[in-house]
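Colleague: I'm new to this one and would like to learn how to read it. Could you take me through it feature by feature?

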Amino acid sequence: MPIAYRLSCPTSGVKGTIILEPSKSISNRALIIRSLCTESFDIHGLSASDDTRALQAMLAAEGDTLHSGHAGSSYRFMVARACLGDREVTLDASEQLKRRPIGPLVKALQTLGADITYLRKEGFPPLHIKPVKDLGAAVHEVTLQAGVSSQYLTALLLIAPALPNGLTIHLVGPLVSASYVQMTLAMMHYFGVEHTWSGQTIRIEPGVYTPKPFSVEGDWSAASYYYSMVALAEEADLIINGLRPESIQGDAIVSELFKVFGVETEFIPEGIHIRKTGSVSRSIRFEHDCTMCPDIAQTLMVTLAGLGIRGLLSGLNTLRIKETDRIQAMVTELARVHTQVMVKESNDDVAVDIAGKAKWKDRAKFHTYDDHRMAMSLMPLACIHPIVIKDPDVVSKSYPGFWKDIETIGIKVEKIKVKE
């Protein structure tokens with residue numbers, strides 16, 4: 001039988017100190033930049049996530065087949081990086097990742113002269129890449145649809161300085177997850193590469209990255225789950241080490257968003273101190289555009305359901321093509337606790353309307369859909385009522401120590417076997 005975790009909060013709340021997992025998004029960008037430097041440099045606090053380990057392994061591999069597993073951003077970054085390599089490689093992936101599109105990035109790289117062949121279904125992994133001389137020498141401008149995934153844009157930006165003429169990228173349509181692009185450009189600036197961004201055009205001049213030591217911030221996306229626990233627990237007082245007030249991560253907005261859910265944030269030298277401040281009005285209507293922070297949308301949905309607050313979250317276009325269709329997955333899973341998630345779709349946006357306070361007839365058994373964020377975003381409901389999370393090991397994609405960490409603050413984690 002498959003393994004699951006029974007989660008509960010046997011005391012009145014959560015309390016303690018967490019040393020937060022470093023950001024895999026920052027870690028992966030730092031690894032690509034280091035691979036393009038003439039000299040290596042130290043990266044302090046590199047993420048131990050599956051995604052970062054996969055990228056490390058691909059960058060270090062000497063064979064002709066590289067495998068990313070489920071690591072989507074690692075795969076996309078490596079596609080662009082491999083086009084600057086000196087040998088033929090096949091970039092393979094898990095069956096799950098083979099269902100996630102790669103076409104827009106491949107098309108842009110082919111425009112620059114890259115020799116990339118689809119090995120299975122056009123527009124999707126796996127890929128075969130042959131080295132070409134002077135990638136981007138003849139053409140140094142590409143057009144990219146901005147509304148699909150910011151990871152395509154980041155992959156191009158990271159290799160842009162290494163191209164003989166740099167790179168000009170013309171974006172078509174509204175940019176999704178712009179905070180992740182801003183993160184990329186901030187890191188490039190730290191390593192000596194500048195950019196110009198005017199309207200829908202970003203320009204990177206040819207140049208070199210300057211190697212220098214780099215320290216990875218704690219992961220604000222991971223911090224969002226602790227904010228949700230504080231909001232839902234009867235009592236809560238947590239210190240989370242590794243976070244910075246001047247963060248380059250868009251998900252740092254949780255420190256502001258969760259004020260309305262009764263969570264107070266104090267920045268301290270080690271990170272943050274978050275506390276429950278008191279009761280929350282259930283009569284409010286919470287609204288937020290998640291375009292800049294799509295990775296915390298599931299956390300917000302669960303928090304609204306747990307508190308019984310009506311909410312409208314928009315800017316969710318990219319959630320359809322993540323590890324799973326996160327919108328449909330949340331519709332299904334929150335229905336298990338009698339919370340309705342109504343989906344509203346238009347030509348350029350996807351929004352959800354959350355209504356109803358989570359209620360249990362018995363212990364809710366949640367599916368995770370091979371998606372780390374499904375498991376971690378649903379977990380805070382255990383602060384209200386015992387729950388079961390199926391396939392809990394999916395958290396290793398971004399936060400392998402999650403279950404051990406929550407045990408230290410008062411959550412009871414029991415391994416059980418469940419029927420399919």
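Colleague: Let's start with the largest pocket. How many residues of each class are in its lining?

Modeller: Keep in mind that this is a predicted model. The general idea for pockets goes like this: rolling a probe the size of a water molecule over the atoms shows where empty space is left. Here, the lining of the largest pocket has seven nonpolar residues, along with two polar and three charged ones. The space in that pocket comes to about 200 Å³.

Colleague: Which residues line the largest pocket?

Modeller: Among them are Met 58, Leu 59, Leu 66, Met 78 and Val 89, and also Arg 81, Asp 86 and Arg 87. Two elements, helix 2 (50-60) and helix 3 (72-82), each give two or more residues to this lining. Helix 3 gives the most, with three residues.

Colleague: And what is the volume of the second largest pocket?

Modeller: That one is about 180 Å³. Its lining divides into three nonpolar, six polar and three charged residues. Look for Asp 289, Asp 348 and Asp 349 there, as well as residues including Pro 174, Leu 175, Val 176, Asn 317 and Asn 347.

Colleague: Back to helix 3 for a moment. Is Arg 76 buried or exposed?

Modeller: Arg 76 sits in helix 3, and its relative accessible area is 3%, so Arg 76 counts as buried. Beyond its neighbours within four places in sequence, Arg 76 is in contact with residues including Arg 100, Pro 101, Ile 102, Gln 151 and Tyr 152. For a sense of scale, take Ala 351: it is 275 residues from Arg 76 along the chain, and their C-alpha atoms are separated by 26 Å.

Colleague: Now salt bridges. How many does a search of the whole structure find?

Modeller: The general idea is that side chains of opposite charge can pair when their charged atoms come close. In this structure the search turns up 18 salt bridges. Try Arg 275, which pairs with Glu 264 at 3.1 Å between the closest N and O atoms. This pair links distant parts of the chain, with Arg 275 in strand 15 (residues 271-276) and Glu 264 in strand 14 (residues 263-268), 11 residues apart. Arg 275 also meets Glu 266 in a salt bridge, at 3.3 Å from N to O.

Colleague: What are the relative accessibilities of those side chains? Let's begin with Arg 275.

Modeller: Arg 275 is at 25%, so it counts as partly exposed. Glu 264 is partly exposed too, at 38%, and so is Glu 266, at 35%.

Colleague: Which salt bridge does Lys 98 make with Glu 95 as its partner, and at what N to O distance?

Modeller: Their side chains meet at 3.2 Å, N to O. Glu 95 is partly exposed at 42% relative accessibility, whereas Lys 98 is buried at 13%. There is also a network of salt bridges, which links Arg 285, Glu 287, Arg 310, Lys 344 and Asp 353.

Colleague: One last feature: which residues of helix 10 are buried?

Modeller: In helix 10 (residues 326-335), the buried ones are Arg 326, Ile 327, Ala 329, Met 330, Glu 333 and Leu 334. They cover an arc of only 160 degrees around the axis, so they lie on the same side of helix 10.

Colleague: What covers those buried residues of helix 10?

Modeller: The cover includes helix 9 (297-307) and helix 11 (372-378), together with strand 18 (340-345), strand 19 (350-355) and strand 20 (364-366).

How values were computed
Residues are numbered from 1 along each chain as its sequence is written. This is a predicted model: local features need pLDDT of at least 70, side-chain atom pairs count only at pLDDT 80 or more; totals for chains, interfaces and linings use all residues. Side-chain values use heavy atoms; hydrogens and water are left out. Buried means under 20% relative accessible area, exposed over 50%, partly exposed in between (1.4 Å probe, protein chains only). Helices (H or I, at least four residues) and strands (E, at least two) are DSSP runs, numbered from the N terminus. The arc is that of the directions from the helix axis to the C-beta atoms. Contact means heavy atoms within 4.5 Å. A salt bridge is a side-chain nitrogen of Lys or Arg within 4 Å of a carboxyl oxygen of Asp or Glu. On a 1 Å grid over the protein atoms alone, a cavity is a set of points where a 1.4 Å probe fits but cannot get out, and a pocket is an open set with protein on both sides within 12 Å along at least five of seven lines; lining residues have an atom within 4 Å of a point. Grid points are joined across faces, edges and corners, and a volume is the space filled by probe spheres set on the points. Ala, Val, Leu, Ile, Met, Phe, Trp, Tyr, Cys and Pro count as nonpolar, Asp, Glu, Lys and Arg as charged, and the others, Gly among them, as polar.
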